[in-house]
Amino acid sequence: MQPVVHFRNVNKSYGSSLAVDNLDLAIEPGQFVTLLGPSGCGKSTTLRMLGGFETPTSGEIFLDGQEISKLPPNKRNVNIVFQDYALFPHLNVRRNVAFGLELKGMASDAIHKRTMELLSLVKLTDFAERMPGQLSGGQRQRVALMRALAPNPNVLLLDEPLSALDAKLRQQMQIELKSIQKTTGKTFIFVTHDQEEALTMSDVVVVMNAGRIEQMGDPHTLYAKPRSRFVANFIGETNFIEGKLKAIDGGLAAIEWNGSVVHANLNGQSPAVGNTVAAALRPEAISVLSQKPANTIAVSGRITQSIFKGDHTSLTVSLANGQSVVAQLDPVALSAITGDDVWLTWRENDAVVLAD
Amino acid sequence: MRSYFSDFPKTALQASYWLFVIYLLLPLALMMAISFKDANFVAFPIDKWTLKWYAQVLQDKQFLEACAYSIFIALMTTLFATIVGVWIALLITTEGMIARSVIFALACLPAVVPGLINAISMRIFIRVLDIPTGTGAIILGHTVHAVPFVVIMVLTRLRSMPNNLVDAARDLGADSFVAFMRVTLPYLAPALAGGMVFCVLTSIDDFVRTFFLGGYQTTLPMLIFAKVQGGMSPEINAIATLVLIVTAAVGLYAEHLTRRSRT
């Protein structure tokens, strides 16, 4: 399938600093794609280049096969939902949503019909005559979304649109956004620094760091098989296993760590035997045992902290090598007490070797 | 609200406030009172009351013509000053514009230059360019004086405008001109209304510039000046009272408009 959006060797620099570094990114139509990364990673710049508010220093951007990097925003069939919504304060809700349709020269009955359809999609028909200043944050958010969807863009861009909402409303809007994306079948490109938001809504997550793509994939793959230390750290909580690579055997790496040799999935990497390698291990993948298991590899440690979190207990286990490992525990499974000596074990493939 | 001299007796503070109010309003009140006096001399006491001065003023062709001429000049001044003022404010807030503070300082200069100096320099200027004195020259002079007020009011409003509004309009299909007309200009409306009223009031009030730049037709301040030289009479008080009431009403309405825009 032809990608709906394609960045080819795109660079963007401001003076001597490089905001986007040789970006190559193809986005399939109809997907919910999230650009995820810390502030300053280039995700917003990427979105603004697609919207037409920034021009790439070099490289090409294709929208539906057409090169658009030099076109002004009004000549591109994409619309954007801004972080602060940017609703026109002098126009009521209906006129805000109708703005793009009016500029398209649509007949006024058709505009009215479409505007009301869109407002009913987010249950705001009763608010059509209100001014933006009279709406709550969540309502403004919905109006901004519908205003951007009204001209029927190929791609909808969302620039951290949920960051101004409180936690409860944000979760509700995540679900609503995802369902609107499903209903409309449009390509959504969503920018956020919130990893949970990215995992909740996306078909594809593009993790960016320092202007480059660190890893791109579906949320499950990113979580289970992070390629780099950055991705492993940015998405969810992670323990790092760092040590000398002793051997490679059947897709597994044998790593010398904390006085024993532990195994990790090679994760598509091919490190040289004898070098230091790092592997990521999620807290919930770790089993905590009170006795040394008979026929699996296990490392020993002592519980230094135990925090009850409701659905699980978070344990911090101190190892002989001085490192602390975080493990998750079913609160009823074991009554772990600070100071207890325990054994940690995991399925070999749950630990994954990282690229750097 | 704060309290500054909380150790002082409250009545003393309030008394000083009322003294100030009397100082401000008493001269105006006296002037208005005499406009109703049925005698030819401007003095107290008032024995008989009348509206005849008002009747006389409102039938005075000279007065009515001067009013119309002043209003015409004020409206033209407002038109030009608004266009120039908005343009300068836009330049100052344009991304990548160099020497903004210099542009701003230059735009504000006419507001602080003494009126007399300003008027003389304008007179020399039009002489050099061979522009005749009269309506055109007066409008030119008044416009230079009014521009700073428009710039300052529009600039304040522009700076409070979210950056994304124009981007949002562009994104929804507007070219930069349409975005300006449909988003920026409506956003500026309250500041424009305030600035325009200010332009009208400063122009109607202006005597010095008009005196130096005017031709044979008299504006309202020049007419009053001429009448005063002919001797004080309650008729002048009536004219002054009318001008006071109209300008105060317009000014308060403008204040109301700009105040509402701040919420």
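Start with the sheet in chain A of this predicted model: select strands 2, 1, 4 and 5, and you have an open four-stranded sheet, ordered 2-1-4-5 with antiparallel pairing. Color strand 2 (17–27) and strand 5 (66–67) of chain A next; these are the edge strands, each with a single partner, so one side of each has no neighbour in the sheet. If you like to think in hydrogen bonds, strands of a sheet pair through those of the backbone, either parallel or antiparallel.

Now zoom in on the middle of that order. Strand 1 (residues 5–14) and strand 4 (residues 58–63) of chain A run antiparallel to each other and are paired over five bridges. Show R8(A) as sticks and look across: opposite it, in strand 4 of chain A, stands E60(A).

Time to zoom out. Chain A as a whole has eight helices and 20 strands, and its C-alpha trace spans about 75 × 45 × 35 Å along the principal axes. Of its 356 residues, 40% are buried. Try a contact map too: among contacts in chain A between residues at least 6 apart in sequence, 65% link residues at least 24 apart.

Next, select residues 5–235 of chain A. UniProt, in an unreviewed entry, lists this span as "domain: ABC transporter". The span is 36% helix and 26% strand, and its end C-alpha atoms sit 25 Å apart.

Which residues have the most contacts inside the largest nonpolar core? Pick L157(A), I189(A), V206(A), A264(A), A279(A), V150(B) and V154(B); the core they belong to has 142 residues. Then highlight helix 8 (residues 176–205) of chain B, the biggest contributor to this core with 13 residues. Color chain A by domain as well: domain 1 (5–228) and domain 2 (237–353) both give residues to the core, so it lies between them.

Stay with I189(A) for a moment and show its surroundings. Leaving aside residues up to four places away in sequence, I189(A) touches I27(A), V33(A), L35(A), L47(A), V155(A), L157(A) and L158(A).

Last stop: where the two chains meet. Select the contacting residues and you get 18 from chain A and 15 from chain B. On the chain A side, strand 6 (78–81) and helix 2 (93–103) each supply at least two residues, and helix 2 of chain A has the largest share, with three. Color that side by residue type and it splits into eleven nonpolar, five polar and two charged residues.

Key: Residues are numbered from 1 along each chain as its sequence is written. Chains are lettered from A and ligands numbered from 1 in the order in which they are written. This is a predicted model: local features need pLDDT of at least 70, side-chain atom pairs count only at pLDDT 80 or more; totals for chains, interfaces and linings use all residues. Two residues are in contact if their C-beta atoms, placed from the backbone, lie within 7 Å. Ala, Val, Leu, Ile, Met, Phe, Trp, Tyr, Cys and Pro count as nonpolar, Asp, Glu, Lys and Arg as charged, and the others, Gly among them, as polar. Two strands pair if DSSP finds at least two bridges between them. UniProt positions are given in the numbering used here, feature names are shortened, and annotations may be inferred rather than shown by experiment. A residue is buried if 20 or more other C-beta atoms lie within 10 Å of its own, exposed if 12 or fewer, and partly exposed in between; C-beta atoms are placed from the backbone. A nonpolar core is a set of buried Ala, Val, Leu, Ile, Met, Phe, Trp, Tyr and Cys residues joined through C-beta atoms within 7 Å. Domain bounds come from an automatic or database domain assignment.
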